[in-house]
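Here are my notes for your next look at the model. Please read them with the structure open.

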Amino acid sequence: MSHFSPNDLARQLGQGLLSFPVTHFDAQGAFQEGPYRDHCGWMLERELSGLFAAGGTGEFFSLTPAEVAQVVAAAVAQSNGRIPVISGCGYGTAIATGIARDAEKVGADGLLLLPPYLMNSKQEGLAAHIEAVCRATGLGVIVYNRDNAIVNDETLARLCDRNPNLIGFKDGVGDIELMTRIYARMGDRLTYIGGLPTAETFATPYLTMGVTTYSSAIFNFMPEWALAFYRAVRAGDQTHVMDQLRNFVLPYIALRDRGRGYAVSIVKAGMRIIGRDAGPVRSPLTDLSAEEEAELRALIERATA
């Protein structure tokens, strides 16, 4: 049973930093619940406003619906109501609504609705998909605007009118005009989350548009750094923000961009470097090379010295 109503969830998520734990696999690719729960517990020793289980960084796209429920249940058990746990949700409408119902059964507090698999569709189709997920559950739903699932401000407004449990909007597009139109139309009706990879790069300009929080994948392996960066953004400390962008974030992004699919792989490499190995990524992703991991190690050591 959820510990947070949709309205409570919206308020909670907007108050601080969010993170997406990686999902732990063994060498054969099987989910490792014990290490995963240990990692969630380690993250929860720090100040977070929400934990997104089986999200993009958690390799949602490589999990079966049953595994999504298993991963989310493990995060719920570890959090035990301390902060909300939001489950990844996605694929076609029939699968997404099933994932939504299963997430509610295992105690999730909300859903992050990722784009449907592969297909491009009109606004009417996207609206029908989002509404079906909202009506399949009493949980708060956050729409992730990115790739092949970009809703405009008019579609979003109609969905909010009909679905009170649609409580959040996560932007993974970077279209400043669209984000401005959405915030101008919806205002405080939604909680806004920065979701561009890597979110720290865009945190300051997005704050001026009402996006008070973002999801930090870096928190998985540099939690104190991630929190200090978030606090600097909120405090308007541009000196600290720009220093960290130059010295860590931008070189990190350059390394991430060396290989397709490295957005998750580089986080798992960071986990190995700090001694909290989460196992390999599942195919079709590939792990960083030894040389690339050595470069990441040097970056992390400089940033945390």
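Which residues in α2 meet which residues in α3? The points below start there. Keep in mind that this is a predicted model.

1. **The α2 and α3 contact.** From α2, the residues are Glu33, Tyr36, Arg37, Cys40, Gly41 and Leu44. They meet Gln70, Val71, Ala74, Ala75, Ala77, Gln78 and Ser79 of α3. By class, this contact has 7 nonpolar, 4 polar and 2 charged residues.

2. **Geometry of that pair.** Two packed helices are described by the angle between their axes and the distance between the axes. Helix α2 covers residues 33-44, and helix α3 covers residues 65-79. Their axes are 9 Å apart, and the packing angle is about 45°. That angle is neither under 35 degrees nor within 65 to 115, so α2 and α3 are oblique to each other. The crossing of α2 and α3 is right-handed.

3. **The α5 and α6 pair.** Helix α5 spans residues 123-135. The axes of α5 and α6 come within 10 Å and cross at roughly 25°. Angles under 35 degrees count as roughly parallel, and α5 and α6 are therefore roughly parallel to each other. α5 passes α6 in a right-handed crossing.

4. **Who touches whom in that pair.** On the α5 side are Gln123, Ala127, Ile130, Glu131 and Arg135. On the α6 side are Thr155, Leu159 and Arg162. The residues of this α5 and α6 contact divide into 3 nonpolar, 2 polar and 3 charged.

5. **Asn163.** Follow the chain out of α6 (153-162) and you reach Asn163, in the loop that leads to β6 (166-171). Is Asn163 buried or exposed? Its relative accessibility is 2%, so Asn163 counts as buried. Residues up to four places away in sequence aside, Asn163 touches Glu131, Cys134, Arg135 and Arg189. Glu131 and Arg135 also appear in the α5 contact with α6.

6. **The barrel.** 8 strands close into a barrel. Their order is β1-β2-β3-β4-β5-β6-β7-β8, and the pairing is parallel. Strand β2 (residues 50-53) runs parallel to strand β3 (residues 85-89), and 3 bridges join them. Ala53 has Ser87 of β3 as its bridge partner. Helix α4 (residues 93-105) packs on the sheet and touches β3 and β4 (110-113). The direction of α4 makes about 160° with that of β3. Helix α7 (residues 176-186) also packs on the sheet, touching β5 (140-145), β6 and β7 (191-194). The direction of α7 makes about 160° with that of β7.

7. **Strand β6.** β5 and β6 pair in the parallel sense over 5 bridges. Asn145 stands opposite Asp171 in β6. How many residues of β6 are buried? The count is 6 of its 6 residues, and β6 is mostly covered.

8. **Ala108.** This residue sits in the loop between α4 and β4. Its relative accessible area is 0%, so Ala108 is buried. Which residues does Ala108 contact, leaving aside neighbours within four places in sequence? They are Ser2, Val72, Val76, Val85, Ser87, Ala103 and Leu139. Ser87 is also the bridge partner of Ala53. Look at the start of the chain too. Met1 and Ala108 are 107 residues apart along the chain, yet their C-alpha atoms are separated by 7.3 Å.

9. **Positive phi angles.** Please check Glu59 and Asn80. Glu59 is not a glycine, but has a positive phi of about 60°. Glu59 lies in the loop between β2 and α3. With a relative accessible area of 0%, Glu59 is buried. Asn80 is not a glycine either, and its positive phi is about 50°. Asn80 is in the loop between α3 and β3. At 60% relative accessibility, Asn80 counts as exposed.

10. **Cis peptide bonds.** Please view these two sites as well. A cis peptide bond joins Pro197 and Thr198, with omega about -10°. Thr198 is in the loop between β7 and α8 (203-207). A cis peptide bond also joins Ser283 and Pro284, where omega is about 15°. Pro284 lies in the loop between α11 (262-273) and α12 (290-304).

Key: Residues are numbered from 1 along each chain as its sequence is written. This is a predicted model: local features need pLDDT of at least 70, side-chain atom pairs count only at pLDDT 80 or more; totals for chains, interfaces and linings use all residues. Side-chain values use heavy atoms; hydrogens and water are left out. Helices (H or I, at least four residues) and strands (E, at least two) are DSSP runs, numbered from the N terminus. Buried means under 20% relative accessible area, exposed over 50%, partly exposed in between (1.4 Å probe, protein chains only). Contact means heavy atoms within 4.5 Å. Two strands pair if DSSP finds at least two bridges between them. Axes are lines fitted to C-alpha atoms, for helices over the stretch in contact, and angles run from 0 to 180 degrees between N-to-C directions. Angles under 35 degrees count as roughly parallel, over 145 as roughly antiparallel, 65 to 115 as roughly perpendicular and the rest as oblique. A crossing is left-handed if the near helix is turned anticlockwise from the far one by less than a right angle, and right-handed if clockwise. Ala, Val, Leu, Ile, Met, Phe, Trp, Tyr, Cys and Pro count as nonpolar, Asp, Glu, Lys and Arg as charged, and the others, Gly among them, as polar.
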